[in-house]
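Visitor: Hi! I'm new to protein structures, so could you walk me through this one?
Guide: Sure, let's bring it up and take it piece by piece.

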Amino acid sequence: LALRLKATAAEVIKKLMVLGVFAAVNDTIDFDTATLVAMEFHAKVEKEVVVTIEEQIIDDSEDKDDNLVPRAPVVVVMGHVDHGKTSLLDAIRHANVTASEAGGITQHIGAYQVRLEDREVTFLDTPGHAAFTTMRARGAQVTDIAILVVAADDGIMPQTIEAIHHAKAANVSIIVAINKMDKPGANPQHVMEQLTEYELVPEEWGGDTPCIPVSAVTKAGIKDLLEMIILTADIKELKANPDRAAKGTVIEARLDKGRGPIATMLVQNGTLRTGDIIVAGTTVGRVRAMTNADGQKIEQAGPSVPVEITGLDDVPTGGDIFNAVSDERLARELVEQRRTEMKEERFNSRTKVTLDNLFDQMKQGDMKELQIIVKADVQGSVEAVRQSLEKLSDEEVRVNVIHGGVGAISESDVMLASASNAIIVGFNVRPDPVAEENAKRDGVDMRLYRIIYDCIGEIESAMKGMLAPKF
Ligand code: GDP
């Protein structure tokens, strides 16, 4: 501002002080304040609006309240291996397929819709919660509700705990399906008791976590589960605007020898039509053909509808955000811009928090919470570390252990850390090779210790900006 006013910074700061604004040379001031100062210098003020290509072609301004209509909830099924995720999804799908359609549902597109009376529910059929977390790491918020499947005869297991932490970190509603109720060893009370240890208090005990006993084999309770999904969706008042250019997320994509790149996309807002020009991550193209989850050709898809499309010039990545745009030339420019940005981002994954940059990020006011994942060889250490770390919280930064568990640092831990901008600490455990490679690639800070005191000391120093540099 001083430069524009042909004044010195000190002169501008002085005028600001008169206005009661105590700003330093590098602070940002708002337009109105700048106007007042400029007037003091008898300068003429005009608002310069810089519009990026992104803003020009991706216009969200039409989403006023009166354009919004209810949309179907998007649901993902999570849980420990063998607790019945696949069987439950099948049971839900078949419960709602009429005999005439039954032949048409063999195709897998990674997502589908189920109709319950006059309502639709969209299920993401991506393998486990891995995809769910990858998407979030890429900035896509796709899921509204997570169904946590827990086998009634087995109870909460390590991957159940992981799923709970992933769902909580993503801020989605959790509905617990207590599965395998037909088995003689089924003990739903025990499952509910275990859930309370993870701050999931069953509704029937006064909490807010719905727990629905089901059996994917006998189909008992499936209808109750679907009704609970609808009820939860109603409470969330999920809405979207069908009368705008489509926008959403790539669920999965592959290259087909004959048809070229094929992408399953979830429309999250607007309506996607064949012929639309779309930008998906760093790919661009025109929607040539569109099919729904039943394999039927369709011409348009509204909010919460998953579709498979052809016509992109390259294979996008799961989790990429897509937008329908009106101008092909601008679309190609935007893709170029994103490709350059991505190269730069790969070059420096600086945005991720590490113990070394923690203090700088805190000083800049970017860090209000330090997220940590704790892995250890025994449960006792996990708890001890969690408590000691959370006690380091002060007025500036809250230390928050978002996940703790026993065992080696896994790929899934790194994914969660990457998605939540967390640091991983390990006690007497090591990362498995894939985890180590991914942590390096994603710039996730992983610290290994043998002594709890060392860890607490190091993080405390990092928070105070007194971490000894590593050579
Ligand atoms: P996933 O690994 O979580 O997808 O679990 P699956 O759906 O593959 O199920 C694992 C095993 O549990 C399979 O042998 C299923 O037949 C069985 N199973 C799933 N649900 C039920 C159920 O409600 N009752 C019984 N008795 N078995 C079930």
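Guide: One term before we start: two strands count as paired if DSSP finds at least two bridges between them. Keep in mind, too, that this is a predicted model.

Visitor: Okay, bridges. Which residue in E16 is the bridge partner of Gly248?
Guide: That's Phe322. Gly248 belongs to strand E9, residues 247–256, and three bridges join E9 to E16. Those two strands run antiparallel.

Visitor: Which residue in E16 does Val279 stand opposite?
Guide: Asn323. Val279 sits in strand E12, residues 277–280, which is joined to E16 by four bridges. Here too the strands run antiparallel.

Visitor: What do the strands around E16 build together?
Guide: A closed barrel of six strands, in the order E9-E10-E15-E13-E12-E16, with antiparallel pairing. From one strand to the next, the twist averages 45°.

Visitor: Is E16 enclosed or open to the outside?
Guide: Largely enclosed by the rest of the structure, because four of its five residues are buried.

Visitor: And how many bridges join E10 to E15?
Guide: Five, between E10 (residues 260–269) and E15 (residues 306–312), and the two strands run antiparallel. As an example, Thr264 stands opposite Glu308 in E15.

Visitor: What about the side chains on a strand, where do they point?
Guide: In a regular strand they alternate between the two faces of the sheet.

Visitor: Where is Asp320, then?
Guide: Asp320 is in the loop between E15 and strand E16, which spans 321–325.

Visitor: Buried or exposed?
Guide: Buried: the relative accessible area of Asp320 is 8%, and the cut-off for buried is under 20%. A polar atom of the Asp320 side chain also lies 2.9 Å from the backbone nitrogen of Thr317.

Visitor: Let's switch. What other sheet can I look at?
Guide: Try the open sheet, where six strands follow the order E3-E4-E2-E5-E6-E7 with mixed pairing. At its edges are strand E3 (111–116) and strand E7 (211–213), each pairing on one side only. Ignoring direction, neighbouring strands in this sheet are turned by 30° against each other on average.

Visitor: Do E2 and E5 run parallel or antiparallel?
Guide: Parallel, with five bridges joining E2 (residues 74–79) to E5 (residues 145–151). In that pair, Val76 stands opposite Ala146 in E5.

Visitor: Which helix packs on the sheet?
Guide: Helix H7, residues 188–196, does, touching E5, strand E6 (173–179) and E7. The direction of H7 makes about 150° with that of E6.

Visitor: New topic: the ligand. Which residues come nearest to it?
Guide: Of the 15 residues around the ligand, Asp82, Lys85, Thr86, Ser87 and Asp182 come nearest. Helix H4, residues 85–95, gives the most to that shell, with three residues.

Visitor: Which atoms are involved up close?
Guide: A polar backbone atom of Lys85 is 2.8 Å from an oxygen atom of the ligand. For Ser87, a polar side-chain atom lies 2.6 Å from a ligand oxygen. Ser215 also has a polar side-chain atom 3.3 Å from an oxygen atom of the ligand.

Visitor: And how much of the ligand's accessible area does the protein cover?
Guide: The protein covers 71% of the 580 Å² that the ligand has on its own.

Methods. Residues are numbered from 1 along each chain as its sequence is written. This is a predicted model: local features need pLDDT of at least 70, side-chain atom pairs count only at pLDDT 80 or more; totals for chains, interfaces and linings use all residues. Side-chain values use heavy atoms; hydrogens and water are left out. Axes are lines fitted to C-alpha atoms, for helices over the stretch in contact, and angles run from 0 to 180 degrees between N-to-C directions. Contact means heavy atoms within 4.5 Å. Buried means under 20% relative accessible area, exposed over 50%, partly exposed in between (1.4 Å probe, protein chains only). A polar contact is a pair of N or O atoms within 3.5 Å; within protein, one must be able to donate a hydrogen and the other to accept it, and residues adjacent in sequence count only if both atoms are side-chain atoms. A residue is near a molecule or strand if one of its heavy atoms lies within 4 Å of it. Accessible areas come from the Shrake-Rupley method with a 1.4 Å probe; for residues, only the protein chains shown count as cover.
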